[in-house]
Amino acid sequence: MASWLLGWLLLPWTLRLAGGQSVTHTGLPIVVSLANRAVSFSCRITYPYTPEFKDFTVRYFHEDLQGRRSSEEQTSCRPDLGTENQTSTLECQVTPRLRNSSATGTYYCSVHWPRSTVSGNGTFILVRDTGYREPPHGPQKALLFGFTGLLTVLSVLGTALLLWRKKRMQVPGKPPSKQCPDPRSASGPTQPPAESVYTALQRQETEVYACLESEDGSPPSQEKLHRPEDDSELNLVYENL
């Protein structure tokens, strides 16, 4: 098929001549049409207006892609009046019947004179059963909805996993705070004699001040460590002095 079409394209305007008359196809060499649509091709018939050639009939036929020739069919083209012994030209419009894609092929004008027949160089007509049709949108919509739903599920699962890991990594609750002993009872079960200055000024046990640490773990300030417990202890010191 390809070699046949290439050869036809290389020799598109070859005429078949007989006795001075000629038939030439005009217009586009290739035409595309849908089945059962009206499409035409043109033929120009040139002949001497003499008693021998002024009467003729115009028909057409076609050869399919396998080279099989169809039967000839009549056209509505008729010869015009001309000047005796002068060359006349007739333009014919041929509209073939294109029932389906099997009508694809090369269409020829065929002019019959009483003693001769001349055919044109042909016009190739490509026939399609149907034109372009958009693909159905049903499968596309289902695929789109499915993909969107999958992304939504994955997003929810990812969020839940992040929240779970964050909860696992959180610091556990604080242990109960340690009860600090009474500073007055830390040095011993009994209060030392008030008349002794050195006994009153005796340094307290370190365990008492260790319990004065704040809840956040920071050690007590020097001011807290050296501040007397209350004014009564200071008065006691002054009285002993």
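In the protein chain, 67% of the contacts between residues at least 6 apart in sequence join residues at least 24 apart. The model is predicted. Its protein chain holds 7 helices and 9 strands, and buried residues account for 24% of the 241 residues. The points below cover the surface, the salt bridges, the strand pairing and two residues with positive phi.

**Surface**

- The protein chain exposes about 17,700 Å².
- Carbon and sulfur atoms supply 57% of that exposed area.

**Salt bridges: the R59, R69 and E72 network**

- The whole structure contains 5 salt bridges.
- One of them joins the side chains of R59 and E72, with a distance of 4.0 Å from N to O.
- This pair links distant parts of the chain, its two residues lying 13 residues apart.
- R59 sits in strand β4, which covers residues 57-63, while E72 belongs to the loop between β4 and β5 (73-74).
- R59 has a relative accessible area of 29% and is therefore partly exposed, since that class runs between 20% and 50%.
- E72 is also partly exposed, with a relative accessible area of 26%.
- E72 forms a salt bridge with R69 as well, at 3.0 Å from N to O.
- R59, R69 and E72 are thus linked in a network of salt bridges.

**Salt bridges: D64 and R68**

- D64 and R68 form another salt bridge, in which the closest N and O atoms are 2.9 Å apart.
- D64 has a relative accessible area of 11%, so it counts as buried, the cut-off being under 20%.
- R68 reaches 53% relative accessibility, so it counts as exposed, the cut-off being over 50%.
- The bridge therefore pairs a buried residue, D64, with an exposed one, R68.

**Strand pairing around β9**

- Strand β9 covers residues 123-128 and pairs with strand β2, residues 30-34.
- These two strands run parallel and are joined by 5 bridges.
- V32 has L126 in β9 as its bridge partner.
- Strand β9 also pairs with strand β7, residues 105-112.
- The pairing of β7 with β9 is antiparallel and takes in 3 bridges.
- Y107 has T123 in β9 as its bridge partner.
- Strand β9 thus has a parallel pairing with β2 and an antiparallel pairing with β7.
- In a regular strand the side chains alternate between the two faces of the sheet.

**Residues with positive phi**

- Most residues other than glycine have a negative phi.
- N36 is not a glycine, yet its phi is positive, at about 60°.
- N36 is placed in the loop between β2 and β3 (41-48).
- With a relative accessible area of 63%, N36 is exposed.
- N85 is likewise not a glycine and has a positive phi, at about 65°.
- N85 is placed in the loop between β5 and β6 (87-94).
- With a relative accessible area of 59%, N85 is exposed.

Notes: Residues are numbered from 1 along each chain as its sequence is written. This is a predicted model: local features need pLDDT of at least 70, side-chain atom pairs count only at pLDDT 80 or more; totals for chains, interfaces and linings use all residues. Side-chain values use heavy atoms; hydrogens and water are left out. Helices (H or I, at least four residues) and strands (E, at least two) are DSSP runs, numbered from the N terminus. Buried means under 20% relative accessible area, exposed over 50%, partly exposed in between (1.4 Å probe, protein chains only). Contact means heavy atoms within 4.5 Å. Accessible areas come from the Shrake-Rupley method with a 1.4 Å probe; for residues, only the protein chains shown count as cover. Two strands pair if DSSP finds at least two bridges between them.
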